[in-house]
Amino acid sequence: MSKAFDKVNHYALFLKLMERHVPVCLINLLANWYENVFISVRWGQSLSKLVRLTTGVRQGGVLSPVLFAVYVNDIITRVESSGYGCEIAGNCVGILMYADDLLLISATCNGLSRLIEICEQEMAWLDMQFNARKSCMVGRGPRHNKECADILLNGVPLIRGRTFKYLGILFEVGRKFKVSLAAKRMKFLRTFNYIHGCVGAQLLLCSACQSYSTG
């Protein structure tokens, strides 16, 4: 999602809380809380005038992830009830979602296109949209290289690739599905070599100091 936490519509959030029968006193408390959020910009020793925030949930707030999950939960329920996902262990699984990162799963290109349409409709109601530049489409199985019609996201054709990153993990997709650890392994070795170089230099320095004091 594009700037998801900053674009949460407060009134839509309160409506969804009402649908879940959240106590009115708590909703009023949240409404008063978010109506009195102001920000200013610091430039050197100067501060700009205060500007009231009309959208978004507080970054780093303990309650913010819960409120955001309630805000976008209808996307999951609509996708799961659509029947366009893949059947896993007898259950229709069409979406995996963590915070503002979504992974849509379908057995056909047409099914994937339908899932995207469902998500776009719900996102339009939420006054939000997906970031097409950070999204891609991959295929898995014996027919992963077969050409198919363009699948659009916000009117932009999705790029088709062989790898994708989800929650910081790089996955390779083709005939088989596997996790790529090459980048993580390289990062580990680079960090280890740096630490080893620093520790080795300190040990040599300590050894030299000890020899000097002994002499």
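**Exercise 1. Classify Y34 by burial and describe its ring pair with W33.**

Solution. Y34 is buried, at a relative accessible area of 3%; buried means under 20%, exposed over 50%, and partly exposed in between, with a 1.4 Å probe and protein chains only. W33 has 33% relative accessibility and counts as partly exposed. The model is predicted, so local features need pLDDT of at least 70 and side-chain atom pairs pLDDT 80 or more, while totals for chains, interfaces and linings use all residues. Residues are numbered from 1 along each chain as its sequence is written, and side-chain values use heavy atoms, without hydrogens and water.

Next, take the rings. Rings of Phe, Tyr and Trp (its six-membered ring) pair if their centres lie within 6.5 Å; planes under 30 degrees apart are stacked, over 60 edge-to-face, and the rest tilted. By this rule there are two aromatic pairs. In the pair of W33 and Y34, the centres are 5.2 Å apart and the planes 35 degrees apart, which is tilted.

**Exercise 2. Describe the pair of F5 and F68, and state which parts of the chain it ties together.**

Solution. F5 and F68 are stacked, at 4.5 Å centre to centre with 15 degrees between the planes. F5 lies in the segment before helix 1 and F68 in helix 3 (residues 64-82), so the pair links parts 63 residues apart in sequence. Helices (H or I, at least four residues) and strands (E, at least two) are DSSP runs, numbered from the N terminus. F5 is buried at 18% relative accessible area, and F68 is buried at 2%.

**Exercise 3. Determine how helix 1 is oriented against helix 2, and list the residues that meet.**

Solution. The axes of helix 1 (residues 10-19) and helix 2 (residues 24-35) come within 11 Å and cross at roughly 170 degrees. Helix 1 is therefore roughly antiparallel to helix 2, a term for angles over 145 degrees. Contact means heavy atoms within 4.5 Å. H10, F14, L17 and M18 of helix 1 meet I27, L30, A31 and Y34 of helix 2. By class, this contact has seven nonpolar residues, one polar and no charged.

**Exercise 4. Trace the pairing of strand 14 with strand 13 and strand 15.**

Solution. Strands pair if DSSP finds at least two bridges between them. Strand 13 (residues 163-166) and strand 14 (residues 169-173) run antiparallel, joined by four bridges; T163 stands opposite E172. In their hairpin, with two residues between the strands, L167 takes a positive phi near 55 degrees. Four bridges also join strand 14 to strand 15 (residues 177-180), again antiparallel. V173 has F177 as its bridge partner, and the hairpin between strand 14 and strand 15 runs through three residues.

Conventions: Axes are lines fitted to C-alpha atoms, for helices over the stretch in contact, and angles run from 0 to 180 degrees between N-to-C directions. Angles under 35 degrees count as roughly parallel, over 145 as roughly antiparallel, 65 to 115 as roughly perpendicular and the rest as oblique. Ala, Val, Leu, Ile, Met, Phe, Trp, Tyr, Cys and Pro count as nonpolar, Asp, Glu, Lys and Arg as charged, and the others, Gly among them, as polar.
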